[in-house]
Amino acid sequence: LDGTGHADLGQLMSVDRPNAFSIAAWVKLQGDGAILSRMEKAPGYRGYDLLVGDRRLQAHLSHAWPDDALKVRTREQLPQNQWLHVALTSDGSGKAAGVKLYVNGRLKDVEVEKDRLTNPVATTEPLRIGSRHGEAFLTGQVDDVRFFNRVLPADEAVALTFEGYRP
């Protein structure tokens with residue numbers, strides 16, 4: 001992804017509150033932007049995304065930004081120009097405590113910026129790899145994106161990172 005486009009995957013991977021889900025992907029970042037999203041434009045930003053901003057991994061789940069939404073981001077910045085395995089899990093509770101971010105199989109400490117989601121996040125927007133509805137275009141590479149209709153336990157997040165390397 002060169003920071004000017006994205007892949008549009010249609011109506012794949014609809015998630016909604018209160019359903020649990022997880023997303024995992026390999027990324028090689030050269031700048032900030034949306035790894036993936038299924039989100040409407042402002043002002044409401046209904047939907048979800050997995051995004052890098054200020055070199056920090058972020059997740060948004062939103063019904064109507066900023067009053068009915070969740071946002072968490074890692075405290076640590078991500079390195080650039082190296083492959084990283086990232087994962088997002090959500091237990092569907094509508095609380096930031098139910099959202100976890102993993103980098104290379106390690107659960108990361110997060111800062112909570114929004115912590116009140118009470119309504120659905122489902123949207124008719126397509127799943128996009130590399131942007132969020134015409135903005136937040138990613139520069140870098142994305143590979144092996146996986147979706148799960150459950151919360152991945154920590155040991156599975158680690159296993160995904162080492163898949164193909166461990167017996």
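## Two open sheets in a predicted model

Two strands count as paired if DSSP finds at least two bridges between them. On that basis, in this predicted model, 7 strands form an open sheet in the order 1-11-3-4-5-6-10, with antiparallel pairing. Its edge strands are strand 1 (7–8) and strand 10 (110–116), each of which pairs on one side only.

An open sheet of 5 strands has the order 9-8-7-2-12, and here too the pairing is antiparallel. Strand 9 (106–107) and strand 12 (140–148) stand at the edges with a single partner strand each, so that one side of each is left without a neighbour in the sheet.

## The chain as a whole

The protein chain holds 12 strands and 1 helix, and reading along the sequence gives the pattern β-β-β-β-β-β-β-β-β-β-β-β-α, in which the helix follows the strands. The radius of gyration of the protein chain is 14 Å, close to the 15 Å that the globule rule gives for 167 residues, and the chain is therefore as compact as a globular protein of that length. Taken along the principal axes, the box filled by the C-alpha atoms is roughly 40 × 35 × 30 Å.

Of the 167 residues in the protein chain, 46% are buried. Where contacts link residues at least 6 apart in sequence, 69% of them join residues at least 24 apart. The accessible surface of the protein chain comes to about 7,800 Å², and carbon and sulfur atoms account for 47% of that area. As for charge, the protein chain carries 21 positive and 22 negative charges, and the mean positions of these two sets are 2 Å apart.

## Strand 3 and its partners

Strand 3 (residues 33–39) is mostly covered, with 7 of its 7 residues buried. In the sheet order 1-11-3-4-5-6-10, strand 3 has strand 11 on one side and strand 4 on the other. Strand 3 and strand 4 (residues 47–53) run antiparallel and are joined by 6 bridges, and within this part of the sheet Ala34 stands opposite Leu51 in strand 4.

The pairing of strand 3 with strand 11 (residues 128–129) is likewise antiparallel and rests on 2 bridges; in strand 11, Arg128 is the bridge partner of Ser37. Further along the sheet order, strand 5 and strand 6 pair in the antiparallel sense over 6 bridges, and Ser62 stands opposite Ala69 in strand 6.

## Strand 2, strand 12 and the loop at Asp32

In the sheet of 5 strands, strand 2 (residues 21–29) pairs with strand 12 in the antiparallel sense over 7 bridges. One residue of this region, Lys28, stands opposite Gln141 in strand 12.

Asp32 lies in the loop between strand 2 and strand 3, and its relative accessible area of 34% makes Asp32 partly exposed, because that class covers values between the 20% limit for buried and the 50% limit for exposed. Leaving aside residues up to four places away in sequence, Asp32 touches Val52, Gly53, Asp54, Arg55, Phe137, Leu138 and Thr139. Asp32 and Ala157, by comparison, are 125 residues apart in sequence and 23 Å apart in space, from C-alpha to C-alpha.

## Backbone features in the loops

Two cis peptide bonds deserve a look in the model. One joins Ala42 and Pro43, with omega at about 15°, and Pro43 is found in the loop between strand 3 and strand 4. Another joins Trp65 and Pro66, with omega at about 0°, and Pro66 has its place in the loop between strand 5 (56–64) and strand 6 (68–74).

Positive phi values occur at Asn104 and at Ala136, neither of which is a glycine. Asn104, with phi of about 50°, lies in the loop between strand 8 (99–103) and strand 9, and counts as partly exposed at 28% relative accessibility. Ala136, with phi near 50°, is found in the loop between strand 11 and strand 12, and at 28% relative accessibility Ala136 also counts as partly exposed.

How values were computed: Residues are numbered from 1 along each chain as its sequence is written. This is a predicted model: local features need pLDDT of at least 70, side-chain atom pairs count only at pLDDT 80 or more; totals for chains, interfaces and linings use all residues. Side-chain values use heavy atoms; hydrogens and water are left out. Helices (H or I, at least four residues) and strands (E, at least two) are DSSP runs, numbered from the N terminus. The radius of gyration is taken over C-alpha atoms; the globule rule is 2.2 Å times the number of residues to the power 0.38. Buried means under 20% relative accessible area, exposed over 50%, partly exposed in between (1.4 Å probe, protein chains only). Contact means heavy atoms within 4.5 Å. Accessible areas come from the Shrake-Rupley method with a 1.4 Å probe; for residues, only the protein chains shown count as cover. Lys and Arg count as positive and Asp and Glu as negative; His and the chain ends are not counted. The place of a charge is taken as NZ of Lys, CZ of Arg, CG of Asp or CD of Glu.
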